[in-house]
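Trainee: I would like a close look at a single part of this chain, the part where its strands begin. Please take me through how that part is built and how the rest is arranged around it.

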Amino acid sequence: MALLEIENLVVEFETASGPFRAVNGVSMKVHEGEVLAIVGESGSGKSVSMLAAMGLLPWTAKVTADKLTFNGRDLLGMPANERRKIIGKDIAMIFQEPVASLNPCFTVGFQIEEVLRVHMGLDKAARRKRAIELFQAVGIPDPAERLNSYPHQMSGGQCQRVMIAIAIACNPKLLIADEPTTALDVTIQKQILDLLMKLQADHGMGLIMITHNMGVVAETADRVVVQYKGRKMEEADVLTLFANPKSNYTRALLAALPDNATGDRLPTISELFVDDQVEGAAR
Ligand SMILES: Nc1ncnc2c1ncn2[C@@H]1O[C@H](COP(=O)(O)OP(=O)(O)OP(=O)(O)O)[C@@H](O)[C@H]1O
């Protein structure tokens with residue numbers, strides 16, 4: 001059975017100029033221990049698809065799907081309090097802006113221990129012990145001391161490590177990483193990706209890697225979903241996608257990689273891809 005199964009997901013936002021369809025009939029599956037990359041340019045609906053699955057969109061979003069299940073359980077049909085028990089525990093998410101994702105008013109120790117209190121029911125001493133273990137696991141030096149720091153006292157890379165520690169605190173079955181390295185320095189990006197891949201392998205988690213970066217896809221993914229303007233354009237295992245892309249949009253994404261540049265100037269996606277091909281999108 002798939003860990004997360006999505007069929008024909010549609011997300012519409014109510015806006016001042018009328019309804020806006022951000023996700024248009026997307027389907028995908030993620031299995032235990034599998035790394036699925038969702039790739040596409042900014043605005044293609046990658047984050048909104050996953051926030052919809054997590055139930056984290058604002059009330060202006062209308063979410064429908066033929067199927068939206070986690071471990072066989074219907075996420076859309078279940079009461080909000082049931083869903084909250086799954087989100088943050090069995091499914092965890094990390095975001096692009098690690099500093100902004102943490103609460104500036106509380107120490108990072110308080111924030112990780114709160115997750116352990118709410119979802120795991122650990123007492124104070126057990127929470128502290130586990131928090132130190134988790135900080136060690138994500139490579140934060142002097143973990144016992146660092147627990148007393150506020151987010152602004154840590155670098156972006158350290159804050160992302162804290163976010164990852166919080167995300168894995170309850171041993172999730174599925175981790176959704178939304179552009180986890182985009183806001184970080186290039187040298188730190190590789191360290192964070194390596195850390196995520198190590199944790200995924202050690203814990204056998206399913207991992208959904210949302211990215212606009214084909215390099216990240218090549219380094220991490222088993223399978224890839226390519227999205228454009230809210231639609232799924234293509235889905236393939238990573239080797240097939242790079243060797244034999246089916247959709248023109250995927251070909252355009254690959255041709256825009258610096259390694260594939262042939263002339264003086266790198267072509268843009270819009271030069272390489274004509275939009276009317278979106279009608280041929282995969283379901
Ligand atoms: N609350 C909202 N109200 C209205 N439109 C929204 C809302 N949230 C997102 N959108 C729109 O939905 C579309 C998809 O956004 P989404 O964030 O999923 O894109 P993305 O592919 O993840 O790109 P990025 O990498 O830039 O986040 C965008 O056009 C965005 O402006």
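Mentor: Start at Glu14, which stands opposite Pro19 in strand 2. Keep in mind that this is a predicted model. The two strands concerned are strand 1 and strand 2, and a hairpin of 2 residues joins them. They run antiparallel, with 10 bridges between them. Another of the pairs is Val10, whose bridge partner in strand 2 is Asn24. In a regular strand, side chains alternate between the two faces of the sheet.

Strand 1 has further partners. Strand 4, residues 61-64, pairs with strand 1 in the antiparallel sense over 4 bridges. There, Val11 stands opposite Val63 in strand 4. Strand 5, residues 67-70, also pairs with strand 1 in the antiparallel sense, over 4 bridges. In that pairing the bridge partner of Leu4 is Phe70 in strand 5.

The same part of the chain brings us to the ligand. The ligand is surrounded by 16 residues, and the closest are Phe13, Ala22, Ser42, Ser47 and Val48. Strand 1 (4-15), strand 2 (18-30) and helix 1 are the elements that give two or more residues to this shell. Helix 1 gives the most, with 3 residues. Sorted by class, the shell has 5 nonpolar, 9 polar and 2 charged residues.

Helix 1 leads on to another sheet. This one is an open sheet of 6 strands in the order 7-8-9-3-10-11, and its pairing is mixed. Strand 7 (91-94) and strand 11 (231-237) stand at the edges; each has a single partner strand, so one side of each is left without a neighbour in the sheet. From one strand to the next, the twist averages 15°. Within the sheet, strand 3 (residues 35-39) pairs with strand 10 (residues 223-228) in the parallel sense, over 4 bridges. To find this pairing by residue, look at Leu36, whose bridge partner in strand 10 is Arg223. Helix 1, residues 46-54, packs on this sheet and touches strand 3, strand 7, strand 8 (174-178), strand 9 (206-211) and strand 10. The direction of helix 1 makes about 145° with that of strand 9. Helix 1 thus has two entries in your notes: it gives residues to the shell around the ligand, and it packs on the sheet.

Elsewhere in the chain there is a helix pair to look at. Helix 4 (residues 108-120) and helix 5 (residues 124-137) pack at an angle of about 115°, and their axes are 9 Å apart. Their crossing is right-handed. On the side of helix 4, the residues that meet helix 5 are Gly109, Ile112, Glu113, Leu116 and Arg117. On the side of helix 5, they meet Arg127, Arg128, Arg130, Ala131 and Leu134. By class, this contact has 4 nonpolar, 1 polar and 5 charged residues.

Last, the chain as a whole. Its secondary structure comes to 12 helices and 11 strands. The radius of gyration of the chain is 19 Å, close to the 19 Å that the globule rule gives for 283 residues, so the chain is as compact as a globular protein of that length. Along the principal axes, the C-alpha atoms fill a box of roughly 60 × 45 × 40 Å.

Technical notes:
Residues are numbered from 1 along each chain as its sequence is written. This is a predicted model: local features need pLDDT of at least 70, side-chain atom pairs count only at pLDDT 80 or more; totals for chains, interfaces and linings use all residues. Two strands pair if DSSP finds at least two bridges between them. Axes are lines fitted to C-alpha atoms, for helices over the stretch in contact, and angles run from 0 to 180 degrees between N-to-C directions. Two residues are in contact if their C-beta atoms, placed from the backbone, lie within 7 Å. A residue is near a molecule or strand if its C-beta atom, placed from the backbone, lies within 6 Å of it. Ala, Val, Leu, Ile, Met, Phe, Trp, Tyr, Cys and Pro count as nonpolar, Asp, Glu, Lys and Arg as charged, and the others, Gly among them, as polar. A crossing is left-handed if the near helix is turned anticlockwise from the far one by less than a right angle, and right-handed if clockwise. The radius of gyration is taken over C-alpha atoms; the globule rule is 2.2 Å times the number of residues to the power 0.38.
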